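Hi,

Here is the structure I promised to pass on. Have a look at it first, and then read my notes underneath.

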Amino acid sequence: MPDENILREKARAAIRDGKLPSRAPDRSWGGPGVGATCAVCGLPVTKDEKEFEIEFAHDGTNPGLDKFHVHIRCFAAWEFERRTNG
């Protein structure tokens, strides 16, 4: 797992590039990883690791949910960056 500075840079890039929203998720929950790719660092969240699944609702002309899987440390880096720079 990359160090904190690298994770924060990856989180900033994910927000800047539109890969993750810069607002608080509508729903989130944690549990064991399911092997999905982390939306921040790009590595899989294995079953031996903990993850957050975060969901963002959107409506208007395109209703639905955007779902993302993130490592716990990656979530913390994203939360810090979205609050600081979002």
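How far apart should the ends of helix 2 (residues 72–85) be, given its 14 residues at 1.5 Å a residue? This is a predicted model, and here the sum works out: the expected span is 20 Å, and the end C-alpha atoms are 20 Å apart, so the two agree.

Staying with helix 2, its buried residues are Cys-74, Phe-75, Ala-77, Trp-78, Glu-79, Glu-81 and Arg-82. What do they pack against? Their partners are helix 1 (4–16), strand 2 (50–58) and strand 3 (64–71).

Two of those helix 2 residues, Cys-74 and Trp-78, turn up again in the largest nonpolar core. That core has 17 residues, and the ones touching the most other members are Leu-20, Cys-38, Val-40, Ile-54, Cys-74 and Trp-78. Helix 1, strand 2, strand 3 and helix 2 each give two or more residues to this core. As for Leu-20, setting aside residues up to four places away in sequence, it touches Ala-14, Ile-15, Ala-39, Val-40, Ile-54, Phe-68 and Trp-78.

The residue you may want to check for charges is Glu-51, in strand 2. Glu-51 is buried but has no salt bridge, and the nearest side chain of opposite charge, Lys-50, is 10 Å away. What the Glu-51 side chain does make is a polar contact with the side chain of His-69, at 3.0 Å. Beyond its neighbours within four places in sequence, Glu-51 has contacts that include Trp-29, Gly-30, Gly-31, Pro-32, Gly-33 and Val-34, along with His-69.

Cheers

Key. Residues numbered from 1 in each chain as written. Predicted model: local features only at pLDDT ≥ 70, side-chain atom pairs only at ≥ 80, totals over all residues. Heavy atoms only, no water. Helix = DSSP H or I, 4+ residues; strand = E, 2+ residues; numbered from the N terminus. Expected span 1.5 Å × (residues − 1). Buried < 20%, exposed > 50% of the residue type's maximum accessible area, 1.4 Å probe, protein only. Contact = heavy atoms within 4.5 Å. Lys, Arg positive; Asp, Glu negative; His and termini not counted. Salt bridge = Lys/Arg side-chain N within 4 Å of Asp/Glu carboxyl O. Polar contact = N/O pair within 3.5 Å; in protein donor to acceptor, adjacent residues only side chain to side chain. Core = buried A, V, L, I, M, F, W, Y, C linked by side-chain atoms within 4.5 Å.
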